[in-house]
Each structure stands twice: as C-alpha cells, then as structure tokens.
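User: I'm new to this one and keep tripping over the labels. Could you show it to me and explain what earns each label?
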Amino acid sequence: MKVLVTGSAGHLGEALVRVLAGQGHDVRSLDVLASDFTSDVGSICDRELVRGCVEGVDAVLHAATLHKPHVETHTRQDFVDVNVTGTLGLLEAAVAARVGAFVFTSTTSVFGDAMKPAPGEPAVWVNEEVEPRPKNIYGVTKLAAENLCALMHRL
C-alpha cells in the first residue's frame, strides 16, 4: 500500500513510518519539522501541500497534532488551526483523492474530567458510554476533530 503518515517527526508518527516502511509499504510522510522520517516538510494547514501529499495514496494515518504540552507555548487559535482546521483540510483532500482509508489518532484527553472516578470508586472504565468532558483546548480540539471524522464518514 501507499500510505501517508502525518506527524512523522513525532514519536508516534516516526514509529508508524518505521513499521510501515519495514513491512514494505510505500510511505509518504508529512510534518512541520524535518526529520529522517519526513518526506514532505510543511503544515497540515497548507491545503495545497496536503492535496499533493494525498494524491495516489491508499490510506492516511493522521498523527499530526498540537499536543497537551503545547498548551503552555501555543495559543488556543493555534490548536484550532492545526487540530481542527488542519484535520478538516486533510479529510477533504482525502475524500477528493478517493483515499480508501483514513485513521485519526485521538487522545484520552477528550474525556478529561470524565476520567475522574467518584470518591471511593475504582478507576473509570472508558467505553462508548462515557461522555467526553475535555478540560483544556487540546482535548476540545481533538474531540472536534473526532466529530469532523465522523461527519465526513457519514457524508
């Protein structure tokens, strides 16, 4: 398969590139940071770049994101731009290019305060019935991106 991995300079993205390439897949990779595992340097917010990156791929593994540690160094708008708008642009490009599969990596941070057990109760078991209650901009934007993925799937 030909696969696009976003966030290829990050821990998860690099691991995905290593494993997929090791299995013989043709891997294209995108990140804002240059690395030995990044073929295309740029932002997922750059719609023209993203359109070029998804052309001809069979699957997208979307690991690019601003993470919780970035809450201290980036604005809320940066989180919306990358995690929400960037994901939307990638989804739309994947649909237009007729990409067969799209995997979005999310986070337990979307559950935030819902992960706190009631006093005296054991740890919360997270399943589809647990209502997300993010407690920072990272969790809010990842939940919004999850909802965009679900919308695009339905459409």
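Analyst: Let's start with some vocabulary. Helices (H or I, at least four residues) and strands (E, at least two) are DSSP runs, numbered from the N terminus. Contact means heavy atoms within 4.5 Å. Axes are lines fitted to C-alpha atoms, for helices over the stretch in contact, and angles run from 0 to 180 degrees between N-to-C directions. With that in hand: helix α1 (residues 11-22) lies across β1, β2 (26-31) and β4, running at about 165° to β1.

As for the ground rules, this is a predicted model, where local features need pLDDT of at least 70 and side-chain atom pairs count only at pLDDT 80 or more, while totals for chains, interfaces and linings use all residues. Residues are numbered from 1 along each chain as its sequence is written, and side-chain values use heavy atoms, leaving out hydrogens and water.

User: What makes β1 and β4 a pair?

Analyst: Two strands pair if DSSP finds at least two bridges between them. Strand β1 (residues 2-6) and strand β4 (residues 59-62) have four bridges, in the parallel sense. One partnership to look for is leucine 4 with valine 60 in β4.

User: Which strands sit at the edges of the sheet?

Analyst: The sheet is open, with five strands in the order β3-β2-β1-β4-β5 and parallel pairing. Its edge strands are β3 (40-41) and β5 (101-104), since each pairs on one side only.

User: Why is threonine 141 called buried?

Analyst: Buried means under 20% relative accessible area, exposed over 50%, and partly exposed in between (1.4 Å probe, protein chains only). Threonine 141 has 2%, so it counts as buried. This residue lies in helix α4 (residues 137-154) and touches Phe79, Val80, Asn83 and Val84, not counting residues up to four places away in sequence.

User: And arginine 98, is that buried or exposed?

Analyst: Arginine 98 has 74% relative accessibility, so it counts as exposed. Look for it in the loop between α3 (76-96) and β5. Its phi is near 60°, a positive value in a residue other than glycine.

User: How do you know how compact the chain is?

Analyst: First, its makeup: there are four helices and five strands. The radius of gyration is taken over C-alpha atoms, and the globule rule is 2.2 Å times the number of residues to the power 0.38. That rule gives 15 Å for 155 residues and the chain has 16 Å, which is close, so the chain is as compact as a globular protein of that length.
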